[in-house]
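I opened this model to take notes on its cavities, one pocket and some strands. The entries follow in the order I looked things up.

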Amino acid sequence: MRILGISSDLWLSSAALVQDGRVIAASTEERFDRKKMSTAFPVRAIEFCLQKAGISMGDIDCVAMSWNPGIHLASASRRFLEPIRWRGEYLYSIPSFILNRFPSPEVRCIEEKLYLKDKAISIFFIDHHKAHAANAFLLSPFKEAAILSIDGRGENETCVSAKGSGNTIETIQSISMPHSLGLFYGTLTEYLGFKADSDEWKVMALASYGKRSNPCYKKMKGIIKHDKSGGFELDLSYFSYYLFDKQPRMFTPKLIGLLGPARMKDAGIEDRHIQIAAALQQLFEETVIDLLQGLHKRTRCGNVVLGGGCAMNSVLNGKIHSLSPFRNVFISSCPDDSGNSVGAALYAYNCILKRANRYPCVDNFWGPDFSDNEIKDVLDKYKLKYSFHKDIPVTVARLLSRGKLVGWFQGRMEFGQRALGNRSILADPRNSRSKELVNRAVKYRESFRPFAPAVLEEDAHAYFDIPRGAAVPFMEKVYKVREEKRKSIPAVVHVDGTGRLQTVSRKTNPLFYSVISEFKSITGIPVVLNTSFNLNGEPIVCSPTDAIRTFISCGLDCLAMGRYLIEKE
């Protein structure tokens with residue numbers, strides 16, 4: 001049973017192939033068309049998934065879309081429907097896009113069926129938050145769990161509470177537009193001079209410099225009201241995001257009256273902006289924890305999984321274990337819209353087709369990979385000088401210990417917003433200037449944003465204040481760095497003493513594990529600085545050509561691809 005999952009809406013498009021309940025291949029379109037946050041129909045991602053499995057569209061049993069236009073049509077604005085000529089046409093747009101890309105006289109599209117030769121391929125339009133819930137629960141190790149999905153909006157829903165059991169997902173409660181916690185965060189992101197639906201994690205990082213319960217928090221607290229049923233409402237007089245067709249910005253003059261003038265893009269950051277960011281983060285955390293408290297009362301589960309774009313808030317994620325009644329927390333590597341291609345395919349397989357097979361997600365290496373021979377061919381094509389190293393992890397660990405900035409390109413590309421050791425830039429965490437060096441040489445991003453520590457799984461508890469035995473494989477949670485260890489890894493310690501860590505397992509990524517292990521043998525430190533292999537404003541590199549172009553365009557010292565090493569003179 002092969003299911004092609006497709007996420008193609010306003011935010012980030014992707015494709016995934018699920019075979020008998022297991023994710024075989026997946027990628028966002030941006031990695032192929034090289035347009036950051038690409039919303040183009042995922043033609044190249046689909047082609048990759050088919051190629052990786054060695055199949056064609058004729059071998060697909062069904063297609064699962066992560067959006068239900070039947071629900072959305074009633075409230076869709078022109079922003080969502082362009083360039084559709086009339087609203088009814090929206091129902092046919094996805095199959096017609098597939099037809100346009102895979103032309104054949106034998107292919108035609110009628111309603112929710114795609115006919116290829118003698119085979120009818122069903123097309124399931126999955127509700128947006130059901131795809132988020134499936135991504136969260138069906139990738140988790142839990143047989144039963146409470147589910148909380150929060151984002152800006154789906155077709156109409158903005159927040160869904162549910163319970164997962166086996167291969168079923170049952171909705172408990174939902175909150176609909178215009179009350180949206182994700183758009184609340186997005187509105188304040190825009191108010192602070194950043195881009196909504198893109199720069200929320202910049203605001204999350206900025207918030208760490210502010211104070212909790214500051215005067216801005218007291219001003220803003222009345223904007224969100226929690227109700228006894230476990231939901232929330234926003235005071236809509238401060239917002240205009242739900243009037244897409246008429247308003248140039250997401251907030252009203254009343255918000256300016258409350259907080260003062262909005263920050264202009266690229267303007268200096270004042271203390272007032274920092275305190276507003278801190279207040280926003282605090283209100284967000286309190287609201288989600290309140291939702292979790294209500295969800296626990298209704299489900300009585302010890303396990304919880306989170307989905308939706310708001311589950312990318314790693315600062316909140318690290319607090320769920322201590323602030324909520326849930327003892328076990330799972331968040332996939334792709335809880336945002338990029339992961340809805342996976343979620344839609346799994347929902348179709350497990351919940352619609354009622355198949356029982358489930359495979360807990362232990363890694364997210366679902367993208368393209370390249371052999372040493374393929375890498376060598378590309379290096380020769382560009383006439384680059386290189387050396388071959390049979391034990392490349394040892395070589396790279398030594399370079400890191402000498403302060404070199406290394407591009408690390410190995411194995412299958414990660415799926416999700418974060419590089420986890422296959423398409424990474426690595427640096428020495430002991431050097432307090434490493435953060436500045438990476439920013440100045442490669443990332444060119446705001447100085448207040450931290451870089452992540454990748455730590456050997458067995459050493460994580462010694463360096464970070466995490467629940468004993470807990471793993472953080474997807475860099476999805478922020479925890480305190482133990483005070484006695486902060487001076488030894490200053491480059492990856494944020495201003496508030498935290499780190500968005502990644503625990504690295506020998507079993508799931510032996511090559512990256514070997515780099516850190518060898519670095520520990522040399523320095524005594526089982527941690528390296530890990531950030532995504534890309535320039536600011538570009539997607540993470542996918543191919544050897546992408547890696548070479550990025551390497552030559554920035555201040556990296558070395559590039560390790562497969563067992564080949566390129567060094568700048």
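**Entry 1, largest cavity.** I am working on a predicted model. I looked up the largest cavity and found about 40 Å³ of space in it. I then listed its lining: S161, Q173, S229, G230, L291, G294, L295 and R298. By class I noted two nonpolar, five polar and one charged residue. Which element gives the most to this lining? I found that it is α11, with four residues.

**Entry 2, second largest cavity.** I counted two cavities of 30 Å³ or more. The second largest holds about 30 Å³ of space. Its lining consists of I150, F284, V288, L306, G307, C310, A311 and L316. I checked the classes here too: seven nonpolar, one polar and no charged residues. Helix α11 and strand β13 each supply at least two residues of this lining. I noted that α11 had already turned up in the lining of the largest cavity.

**Entry 3, helix α11.** I followed α11 next, which spans residues 271-299. What does this helix lie across? I traced it across β8, β9, β10 and β13, the last being residues 303-307. Against β8, α11 runs at about 150°.

**Entry 4, the sheet with β8.** I wrote down the strand order as β10-β9-β8-β13-β14. These five strands form an open sheet, and the pairing is mixed. Why do β10 and β14 each have one side without a neighbour in the sheet? They stand at the edges, β10 at 168-176 and β14 at 328-330, and each has a single partner strand, so one side of each is left free of a neighbour there. Ignoring direction, I noted an average turn of 20° between neighbouring strands of this sheet.

I then took the pairing of β8 with β9. Strand β8 covers residues 144-150 and β9 covers residues 157-165. The two run antiparallel and are joined by seven bridges. I looked up E144 and found S165 in β9 as its bridge partner.

**Entry 5, second largest pocket.** I moved from the cavities to an open space. The second largest pocket holds about 580 Å³. It is lined by 33 residues, and closest to its centre are F330, A470, A471, P473 and E476. I sorted the lining into 18 nonpolar, 10 polar and five charged residues. Strands β14, β19 (477-480) and β20 (498-504) each supply at least two residues of it. I had met β14 before, at an edge of the open sheet.

**Entry 6, strand β16.** I finished with β16, residues 406-409. Are its residues buried or exposed? I found V406 and W408 buried on one side, and G407 and F409 buried on the other. Both faces of β16 are thus covered. I reminded myself that side chains in a regular strand alternate between the two faces of the sheet.

I also checked the partners of β16. Strand β17, residues 423-427, runs antiparallel to β16, with four bridges between them. Here V406 has L426 of β17 as its bridge partner. Strand β22, residues 558-561, is parallel to β16 and is joined to it by four bridges. On that side I found F409 opposite M561 in β22.

Conventions: Residues numbered from 1 in each chain as written. Predicted model: local features only at pLDDT ≥ 70, side-chain atom pairs only at ≥ 80, totals over all residues. Heavy atoms only, no water. Pairing = 2+ DSSP bridges. Axes fitted to C-alpha atoms, helices over the stretch in contact; angles between N-to-C directions. Contact = heavy atoms within 4.5 Å. 1 Å grid on protein atoms, 1.4 Å probe; cavity = no way out; pocket = protein on both sides within 12 Å on 5 of 7 lines; lining within 4 Å. Points joined across faces, edges and corners; volume = space filled by probe spheres on them. Nonpolar A, V, L, I, M, F, W, Y, C, P; charged D, E, K, R; others polar. Buried < 20%, exposed > 50% of the residue type's maximum accessible area, 1.4 Å probe, protein only.
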